[in-house]
Amino acid sequence: MLKLGDHVIVKDEDEVAVVTAIHPDAQVEVEFLKASEGGPRRRRYAVEALEKVSKTSQ
């Protein structure tokens, strides 16, 4: 289960992003960590399109 602030990888884009919103329709909004010249990039994806990045230290 994903939570706000989790780091995820978008499967088709191979980019790491942070979960910024979770919607009731099984959609998750993320902000990519690598900002483009135009500023932060946010997108919405289905939960299935994301893979949680495991944390090595807690």
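## Glu29 and its surroundings

Glu29 is found in strand E3. In this predicted model, the side chain of Glu29 makes a polar contact with the side chain of His23, at 3.4 Å. His23 also appears in the wider contact list of Glu29. Neighbours within four places in sequence are left aside there. The list then reads Val18, Val19, Thr20, Ala21, His23, Arg42, Arg43 and Arg44.

Strand E2 spans residues 15-23. Strand E4 covers residues 42-46. Both ranges supply partners of Glu29, among them Thr20 and Arg44.

## Arg43, seen from strand E4

Arg43 lies in strand E4. Its relative accessible area is 40%, so Arg43 is partly exposed. Not counting residues up to four places away in sequence, Arg43 touches Glu13, Val28, Glu29, Val30 and Phe32.

Val19 gives a distance marker for Arg43. The two are 24 residues apart along the chain, and their C-alpha atoms are separated by 10.0 Å.

## The nonpolar core

Which residues make up the largest nonpolar core? There are 10 residues: Leu2, Val8, Val10, Ala17, Val19, Val28, Val30, Phe32, Tyr45 and Leu50. Three elements give two or more residues each: strand E1 (7-10), strand E2 (15-23) and strand E3 (27-32). E3 gives the most, with three residues.

Val10 is one of the core residues. Leaving out residues up to four places away in sequence, Val10 touches Glu15, Phe32, Tyr45, Ala49 and Leu50. Phe32, Tyr45 and Leu50 belong to the core as well.

## The aromatic pair

How many aromatic pairs are counted? The count comes to one. The ring centres of Phe32 and Tyr45 are 6.4 Å apart and the planes stand at 85 degrees, so the pair is edge-to-face. The cut-off for that label is an angle over 60 degrees. Phe32 lies in strand E3 and Tyr45 in strand E4, so the pair ties together parts that are 13 residues apart in sequence.

Are these two rings' residues buried or exposed? Phe32 is buried, with a relative accessible area of 2%. Tyr45 stands at 13% relative accessibility and counts as buried too, because the limit is under 20%. Phe32 has a charged partner as well: Arg41 lies over the face of its ring, at 4.0 Å from the ring centre.

## Asp6, a buried acid

Asp6 sits in the segment before E1. Its relative accessibility is 6%, and Asp6 therefore counts as buried. What does the side chain of Asp6 reach? The partner is the backbone nitrogen of Lys3, at 2.7 Å.

Beyond its neighbours within four places in sequence, Asp6 is in contact with Met1, Ala17, Val18, Val19 and Lys52. Ala17 and Val19 are also members of the largest nonpolar core.

## Two loop residues

Leu33 is found in the loop between E3 and E4. With residues up to four places away in sequence left out, Leu33 touches His7, Val16, Ala17 and Val18. Leu33 and Val18 are 15 residues apart along the chain. Their C-alpha atoms are separated by 7.0 Å.

Ala26 has its place in the loop between E2 and E3. Where does phi of Ala26 fall? The angle is near 65 degrees, a positive value in a residue other than glycine. Ala26 is partly exposed, with a relative accessible area of 39%.

## The chain as a whole

The protein chain has zero helices and five strands. From the N terminus on, the order is β-β-β-β-β. Of its 58 residues, 26% count as buried.

The exposed surface of the protein chain is about 4300 Å². Carbon and sulfur atoms supply 50% of that area. For contacts with a separation of 6 or more, residues 24 or more positions apart account for 28%.

Conventions. Residues are numbered from 1 along each chain as its sequence is written. This is a predicted model: local features need pLDDT of at least 70, side-chain atom pairs count only at pLDDT 80 or more; totals for chains, interfaces and linings use all residues. Side-chain values use heavy atoms; hydrogens and water are left out. A nonpolar core is a set of buried Ala, Val, Leu, Ile, Met, Phe, Trp, Tyr and Cys residues joined through side-chain atoms within 4.5 Å. Buried means under 20% relative accessible area, exposed over 50%, partly exposed in between (1.4 Å probe, protein chains only). Helices (H or I, at least four residues) and strands (E, at least two) are DSSP runs, numbered from the N terminus. Contact means heavy atoms within 4.5 Å. Rings of Phe, Tyr and Trp (its six-membered ring) pair if their centres lie within 6.5 Å; planes under 30 degrees apart count as stacked, over 60 as edge-to-face and the rest as tilted. A charge sits over a ring if NZ of Lys or CZ of Arg is within 6 Å of the ring centre and within 35 degrees of the ring normal. A polar contact is a pair of N or O atoms within 3.5 Å; within protein, one must be able to donate a hydrogen and the other to accept it, and residues adjacent in sequence count only if both atoms are side-chain atoms. Accessible areas come from the Shrake-Rupley method with a 1.4 Å probe; for residues, only the protein chains shown count as cover.
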